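Dear colleague,

I am passing on the structure we spoke about, with the sequence and the coordinates shown just below. After it you will find my notes, which you are welcome to check against the model.

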Amino acid sequence: MITFKLNGKTVQGEEGQYILQVAEKAGVEIPTLCHHKALEPAGMCRICTVELFDGRRTRFVTACNYPIWEGMEVKTDTEAVHAGRKLIVEMLLARCPEVPLLQNLAKEYGIGTPRFKLENDTCILCGLCTRMCEKMGNSAISLTGRGVEMKVDTPFHLQTDVCMACGACASVCPTGHITLEKIREVISRRGSRLIPSEYDMGLKGRKPVYVPYAQAVPNTPAIDRDVCVHFKTGGCQVCTSFCGVDAIDHTMEDEIVELDVGSIILAPGFEPFDPSKFDSYNYAKHPNVITSMEMERILSASGPTGGHLVRLSDHKEPKKIAWFQCVGSRDLNRCDNAYCSSVCCMYAIKEAVIAKEHAPYDLDCAIFFMDMRTHGKDFERFYDNAKAKGVRFIRSRVHTIDPVPGSDDLSIRYITEKGETVTEMFDQIVLSIGLQTDPEVVAMANRLGIELTPGNFCKTDTFMPVETSRKGIYVCGAFQGPKDIPQSVVDASAAASAAGEILAEARNTLTKIPEIIPETNVIGERPRIGVFVCRCGINIAGVVNVPEVRDYAGTLPYVEYISDNLYSCAQDTQETMTQIIKQKKLNRVVVAACTPKTHEPLFQETLINAGLNKYLFEMCNIRNHDSWVHKNNPDLATQKAKDLVRMAVSKVALMQPLPEAELNVNQTALVIGGGISGMTAAKSLANQGYETHLIEAGDRLGGNARRIFKTVAGDLVKDKLAELVQHIEGDDRIKIHLNTRLTSVEGFVGSFKSTLTAGDSIEELEYGVAVVATGGTALKPEEYSYGQDPRILTSLELDEKFMADDPGLKKINSAVFIQCVGSRQPDRPYCSRVCCTHSIDNALELKKRNPDTDVFILYRDIRTYGEREYLYKEAREAGVIFIRHDRDNKPQLRIEDDRIRITVTDHVLQRPMEITADLVTLASAILPNKDESLAQFFKVPLNDDNFFVEKHAKLGPSEFATDGVFLCGLAHYPKPIDEAIAQGRASASRAITLLAKKTINTSGTVAETEPAICSSCGVCVSICPYSAPSFIAADARMHAGKAQINPVLCKGCGLCVASCRSGAIRLKGFDNDQIFAQIFAMTEAV
Amino acid sequence: MELMGIEPDRLHFSWISSAESTKFVKVVKEVTEKVKAIGPNNHFIKDTAKVA
Amino acid sequence: MSDWEPKIVSFLCNWCSYGAADLAGVSRMEYPANIRVIRIPCTGRMSPKFALAALREGADAVWVSG
């Protein structure tokens, strides 16, 4: 250890270190131009000159390469040092007057125009580039010439093969003398290009050392061995000099790890279809033809354009954008993907709507499609809204995209529904590419010995939707079939449940208990508040002036730390916050970001990790309540953000740490509804070892499945259903209650108590979780003369005829199916999802029984999503005639002389045609079994269509926002058997996440009485909807007769607090002084 | 309220479900308009504020 | 007077109106920037004292929404 004096202070450094290194550690700033941490110092620029007193005299040395020695005295800030640096800057500026870096330095040193002759160079001969090139193990460039002739050059001033165009020289050049263009044009013969970022779909470059995307798990950087210079030359390793914890090891090799597992879940996902092979779309050649995945990135705030809607050729805002549907889907001519990719219609509409939102002008969005498939929950509404917002929907498949010569625009020709040919120009065209299975996944499936479908998806059975053909291996997500997020999430939970069922005995045998971070006691401490302001990409920062709000927060009382984050919820930010809270010893935290309703738990987790009680926290909502709703008024929005931050700070200062109560979870489950999904949920729960009560209002199990003839795969539903019922009845962990209704619900997650009423008999049941599977029913149509003629049936009634093997079905000359009866209309604006497939399947069944029967399907859009599309193709090939109509131009049915005549306007012929039918099948809508009492019992919501509203449309499809209550089947939304079964299992899976914990923590924000003030009036006891307050027993030793509040039952609503006449109740976390603080802080600005 | 010299329009109550964002916006607009119509609140501000 | 903007203190129920306000944001609706939200667990928590305090402190109006 060497000790010396730096600016009069004693500092220490290691033998062999240079002054600069020690100064940096000691926090003394010395300017540098030619220094780089990873390179040997060269002392080229001399701007780091410092004053050195060696005991006898004073000299000037360069700090970057002067080794330290015992007893030396260094001064970095003297007048002489400054004068020297000023002269250097002046000379460099004279040499390179246009370099911004030097211009800024000159400004700093107060230099106007240099006294020396101005030259027109940009290179300051710092030698960073040549030293870096050497470090790369390459030496393609060096300093050539001597004296004034000296310059950076390649050997013989020729473009060289030696240069790998790695760009290291350009990355260190401080003046911009070496650029990527220069490397491409002057230095290298190999041509330089960016490493395409996979996350940004190649629209942006990335480094060889990179984190795939901000939310990646694990969130640690990786080195891309294919492009890292070290793996080419053995040189570089610059990254190692920057890593503070020596985490980088270039010698690591791939290793094979063997794991002993009881089951495997495959979730390899899909790859987006590559449209390059379609020459006629010019995707590979024209920058303004992009894929939908690229469009997603362009619309994203964290994307390559920062969320600004621009086209790629000239970065101008497009005025007209077109989407082409079914690119790489439903296409056997130009690719092999005959299936429908299920998700593209919806994402195209979403992109169009978001693009219109992003554009501050009237953007024209047109979607070219074949059938609009918005069969998901609330999707049809979104489609209707998009139409209302002016998105154009054009039913036409466009063959060719032509570049318009002399511009970056694109021209297309298409045929309208009326048969007219139209030529239209667009600024940008988005190809809605389909989903397909990666060839590597196909290879993996082959290795595992798993059967695939014709579309290369994992083969599964309708009644076992997540089981692969190999026992113990399960599948979820788009590998099981093209599907959207909610369905993938349902599958994922179902697969987890399937794996859990076979591994139920092994549960908790490998559990490791996480380290519990001890809570710091902050009681009595002066508040030290940290304020973190989130930019949320551009969602907040695009409107609110975030730095201003952040700095403003710094002026507020007790605020000790301020910062702003790009995405506060990103995992790396969370870790940084944890560190900051510890380092700065913060004891209160405010996050100004989005809504506490979704993100409070996340940040509270961060507090817990930092050893703080999670209630020492307040969020203020400057996104949902501010930037998003005042986007045209940035000044007011910024002012509002400041007010909200001030209110939050004043409240959080008064927050106290709150304890949480622990509660046992009753290990019994209740399933309401004995249809397919309810039975599946019960079976899953029982298979995982939980006692389950299955209640059914009817007199037998099976629900709607009893009336369905066969599955798409051709299995008879009756047989499979019988197997399932038999299993349920034979499992003694499942108690079946038929003809039974739930007539009361008390309690809360983990300890519910209900009355089951079956006729006159009443039974009490205690349970920990409940699954709602109340199902749905087929609409009884009120149109098309339904009920007036035995030849006019609903789809289920036709199924019943098939099941009875009605001989009359073979004698039909002409059968007509009418689709969307009661669905997709103003009073019921949702798609019933299953009817297209069902009708087509039944049409084929009729054809099978009598190939001479003329079968017509009158439809609006055929929605045979996924691999159901094959059925549609098969039906067309079998001669089923499809005739499309609009909602405004429905088929007309009349009965004349005992003949059923149907008139429909054919979309190809554009004229009305009449069909005489012997059989009419109405594809009637699926209605939920509306159950308002259940909704009230469990405090769960119903939507406008009377389906239950799940916790989260995408991420929580099988559970309610109410803790401990879960959802599956038709009560959630219309769905076919395989999806109902998957969701049944998913709801069980979600329920088991609670049951398996055995105990849960309740909230700390509960009410508390102060018995000394309580007047025992009883208002709180009678007013509480959750029965939390009660009187302390009259014979109690302390506070007899006063009110007390059970923290487990208390939901923290505060009703008792407001109604307490004596002021004896306080609500922790929302105490009077805390709310008053907010009020006072709010009005402070008036 | 009126007894204390506060215009009744300064205190508003409403009931909006979490799904009724349109209603929320409507009510915000109405309340703001009504309050704008009656002007600033200066009857009941505490003395210190008046001095300031 | 023309540029005077009222300050309105709003007490929003966490489960109802606060959610509606969130959703209004998600739907990118626009509304006047005069309200300042105080989140309360339920309108049951609301006390007349809060309203009076806000008015006394100089707020131009109070809006309570459940």
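Before the details, one term is needed: two strands are taken to pair if DSSP finds at least two bridges between them. In that sense C:Leu12 has C:Arg39, a residue of S2(C), as its bridge partner. Please keep in mind throughout that this is a predicted model.

**The sheet shared by chains B and C**

The pair just mentioned belongs to strand S1 (residues 8-13) of chain C and S2(C), which run parallel and are joined by six bridges. These strands are part of an open sheet of four, in the order S1(B)-S3(C)-S1(C)-S2(C), with parallel pairing. S1 of chain B and strand S2 (35-40) of chain C each have a single partner strand and stand at the edges, so one side of each is left without a neighbour in the sheet. From one strand to the next, the twist averages 20 degrees.

The link between the two chains within this sheet is made by strand S1 (residues 11-14) of chain B, which runs parallel to S3(C) and is joined to S3(C) by four bridges. Along this pairing, B:His12 stands opposite C:Trp63 in S3(C). H2(C) lies across S1 of chain B as well as S1 and S3 of chain C, and runs at about 150 degrees to S3(C).

**Chain B and its contact with chain C**

Chain B contains two helices and one strand, and from the N terminus on its elements follow the order β-α-α. Of its 52 residues, 25% count as buried.

The contact between chains C and B takes 29 residues from each of them. On the side of chain C that touches chain B, helix H1 (17-26), helix H2 (48-56) and strand S3 (61-65) each supply at least two residues, and H1(C) provides the largest share, six residues. By class, this side of chain C has 20 nonpolar, seven polar and two charged residues.

**Chain A and its contact with chain C**

Chain C also meets chain A, where 34 residues of chain A are in contact with 29 residues of chain C. Helix H17 (623-627), helix H18 (634-652), helix H27 (1055-1059) and helix H28 (1072-1083) of chain A each supply at least two residues to the side that touches chain C, with H28(A) giving the most, seven residues. This side of chain A divides into 18 nonpolar, eleven polar and five charged residues.

**Packing within chain A**

In helix H14 (residues 546-554) of chain A, the buried residues are A:Val546, A:Val549, A:Arg550, A:Tyr552 and A:Ala553. They lie on the same side of H14(A), because they cover an arc of only 160 degrees around the axis. Their packing partners are strand S24 (529-534), strand S25 (559-565), strand S26 (588-593) and H18 of chain A.

Elsewhere in chain A, the axes of helix H21 (residues 795-803) and helix H22 (residues 835-849) come within 11 Å and cross at roughly 35 degrees, and the crossing of H21(A) and H22(A) is left-handed. From H21(A), the residues A:Ser795, A:Leu798 and A:Phe802 meet A:Cys835, A:His838, A:Ser839, A:Asn842 and A:Glu845 in H22(A). By class, this contact has three nonpolar, four polar and one charged residues.

With best regards

Key
Residues are numbered from 1 along each chain as its sequence is written. Chains are lettered from A and ligands numbered from 1 in the order in which they are written. This is a predicted model: local features need pLDDT of at least 70, side-chain atom pairs count only at pLDDT 80 or more; totals for chains, interfaces and linings use all residues. Axes are lines fitted to C-alpha atoms, for helices over the stretch in contact, and angles run from 0 to 180 degrees between N-to-C directions. A crossing is left-handed if the near helix is turned anticlockwise from the far one by less than a right angle, and right-handed if clockwise. Two residues are in contact if their C-beta atoms, placed from the backbone, lie within 7 Å. Ala, Val, Leu, Ile, Met, Phe, Trp, Tyr, Cys and Pro count as nonpolar, Asp, Glu, Lys and Arg as charged, and the others, Gly among them, as polar. A residue is buried if 20 or more other C-beta atoms lie within 10 Å of its own, exposed if 12 or fewer, and partly exposed in between; C-beta atoms are placed from the backbone. The arc is that of the directions from the helix axis to the C-beta atoms.
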